[in-house]
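Thanks for passing this one along. My notes are below, in the order I looked at things.

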Amino acid sequence: MQSLQAKLGSGLILSLIAVFTGLWLLISFNIQHLAEEYIASRLRHDAEMLLSTIQFDKNGKISLDKTATNPVYSQPFSGHYYLIFANKQSINSRSLWDQQLHRTPVKPGEQMRSHQPGPNQQQLLVVSNGFTKQGHGLNIIVAEDLNPVSDNIKQFQRRFAVSAVVFLLLLVILQAFILRQSLKTITRVRSELQSLQQGETRQLNTDVPEELRPLVNEINHLLGIMEQRLHRSRNALGDLAHTIKKPLTLMQQLIDQHHATLTKELYDKLARQTKDINQLTDRILKRARLAGQAHSGARFSFTRDLPALIETLEMMYRDKNVKTQLIMPTEVDCAIDREDMLELLGNILDNAYKWTRQHIKLTITSNTELDICIEDDGPGADTSQFSQLEKRGVRLDETTHGYGFGLAIAADMVREYQGTLSFSTSDKLGGLRVDIRLPAG
Amino acid sequence: MRLLLAEDDQDLVATLRQDLEAAGYAVDLADNGVDAEYLGNEAIYDVAVLDLGLPKRNGIEVLRNWRSKGNALPVIILTARNAWHERVEGFKGGADDYLGKPFHVEELLARLTALLHRVSQQPGGNLTASGLILDEERQTLTTEDGHSHKLTGTEFRLLRCLLLNPGKVLSKSQLMDHIYDLDSDKDSNVIEVYIRRLRQLVGSEHIETRRGQGYVFRDN
């Protein structure tokens, strides 16, 4: 779909052009009309003045007192003309010189208006009047050149057009400014959506124009529901874990307590079964807890959560006095759920702490993807042990024993985020090297 | 050593208490968060085992409240909630160690011993002082001459308490607090009897009596 700004902008410019053109046409027409009316009424007055100077003698001969007429009628081609005719006689104004006006007889008391071409390309407005004087019917035709007025009108039209274009431009600029101002809120909402996706905010700002408010409210509502659901299901899973582990813990205690009275075979079987149940529940529950790429809940912060995790591990493995070297950029873009990432890094780092002699190196690089590399100086491992883990859809009970339990949980998580997990031997430290690559978005 | 066990699962408590007492701890029980917080502030405990899923007040809140009041009681969190974010929360809240359920009692006991040694700035392994070696697992004392002596429960508790606080004056009531739980009958004369017995084992020069104050373990 076309952008709102382009749509509104072009619509506005087109309608403004239409309005200004319409206005120009209307005003031009009206001014022309007014000017003609004005000239026509003046011509009528001239005709009446001429009428007052006309005399008929006894024979019906018409005479005109030319001294009483306006001097413009005497000047050749002055643009002001008259023609009087009655009883087959006619009197032309001197200004007509050798030219003639069309005579169209009009009945007394009537009036007729017409346009005629005049001398010297003049455009004449001609008013023919029918009168009766001293019992004789007569026609007085008066005409005036419209060109001077038309020139004025044309000049006015030009000025009007120029100022209209200037106003149009000013209005367009003003509208563009107003539009941009109003669309700024949309731009802000867009950038907020982006930061929402990045996990920098949890809710959108509701200080938006009324038109957008339902949309923003709905998004906030949905975010709230998603967050709540995740929270609820995680709590429920936590409770479930708690409930399952209660009898399991007791079983373990009883098995330990009666170690002496049980046969070795029975003890081993029972111990192994409780351990299996425990690890299987752990893995299933942890897999179910994953938020995955649902954008809700708190995001993992490498600057805040990672040091806390390393501190936790240092406390847990305090006696080993492990030296952890952390290499990471000052800012890491990562839209991964906090609890998921803690689970992933926790399990892999725990494995490293468990096997390391003293040194662990954690390297984080963030470009279009997030790369996490964990190396230790422990005994390392036979890579064939891990090829199973890297495969998709490993059966749960295949990986519960020995080395890879925490790593199996980590592998589940990486799969959930469509990332990759690979194992190799560390060149520098000589132990296990785990590489995790996750999509950053 | 006096231990506060904050755990609401009665069945677990029944077996765990036996194991802890057998290992020489005087155990007091709190089956809810409010009681646990109150007891933990009593300054008579050497260590606390804290379940996070306590009724009335959540374990992590209890821990935070202790720490905000400046109570440095060593705490091991014992919980079925062992997701990593919960562990991080636990350590951030001021826990000294964290053990996920289900667990082996041996592991809990080993962690308790390690924690108590750490708090008293003692090295790991057996408690040693002036040629004496106290094996906390077997509750035996090896003296300078290489002879091994089996200790009774109270002897072991008392000696461990002294060895963990070398050079410090411990009053009779303090010693009582650390070796007996709330439900025991207390008779302060009993302490004198046991001190006399321990002097015979470790040599009277190591346990000094400060009149009106208490006893001091002298490390050479």
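The points that follow go through the sheet of each chain and then the contact between the chains.

1. Before anything else, keep in mind that this is a predicted model.

2. Chain A has an open sheet of 5 strands, in the order β4-β3-β7-β6-β5, with antiparallel pairing. At the edges stand β4 (89-92) and β5 (111-117) of chain A; each has a single partner strand, so one side of each is left without a neighbour in the sheet. Ignoring direction, neighbouring strands here are turned by 20° against each other on average.

3. Take the β5-β6 pair of chain A next. These strands run antiparallel and are joined by 7 bridges, and if you want a register check, A:Gln116 has A:Leu124 as its bridge partner in β6(A). The hairpin they make has 5 residues between the strands, and A:Asn120 there takes a positive phi near 50°.

4. On to the next hairpin, β6(A) with β7(A). Strand β6 (residues 123-133) pairs with β7 (residues 136-145) in the antiparallel sense over 10 bridges. For the register, A:Asn129 stands opposite A:Ile140, and A:Thr132 stands opposite A:Gly137. This hairpin has 2 residues between its strands, and A:Gln134 in the turn has a positive phi of about 50°.

5. What lies across this sheet? Helix α1 (residues 4-53) of chain A does, crossing β3 (80-86), β5, β6 and β7 of chain A. The helix runs at about 40° to β6(A).

6. Chain B also has an open sheet of 5 strands, but here the pairing is parallel and the order is β2-β1-β3-β4-β5. Its edge strands are β2 (26-30) and β5 (97-100) of chain B, each pairing on one side only. From one strand to the next, the twist averages 20°.

7. Inside the chain B sheet, β1 (residues 2-6) and β3 (residues 47-51) run parallel and are joined by 4 bridges. One register point to look at is B:Leu4, whose bridge partner in β3(B) is B:Ala48.

8. Last, the interface: how many residues of chain B are in contact with chain A? The count is 22 residues of chain B against 29 residues of chain A. On the chain B side, the elements giving two or more residues are α1 (10-22) and α4 (84-92), and α4(B) gives the most, with 6 residues. By class, that side of chain B has 11 nonpolar, 5 polar and 6 charged residues.

Notes
Residues are numbered from 1 along each chain as its sequence is written. Chains are lettered from A and ligands numbered from 1 in the order in which they are written. This is a predicted model: local features need pLDDT of at least 70, side-chain atom pairs count only at pLDDT 80 or more; totals for chains, interfaces and linings use all residues. Two strands pair if DSSP finds at least two bridges between them. Axes are lines fitted to C-alpha atoms, for helices over the stretch in contact, and angles run from 0 to 180 degrees between N-to-C directions. Two residues are in contact if their C-beta atoms, placed from the backbone, lie within 7 Å. Ala, Val, Leu, Ile, Met, Phe, Trp, Tyr, Cys and Pro count as nonpolar, Asp, Glu, Lys and Arg as charged, and the others, Gly among them, as polar.
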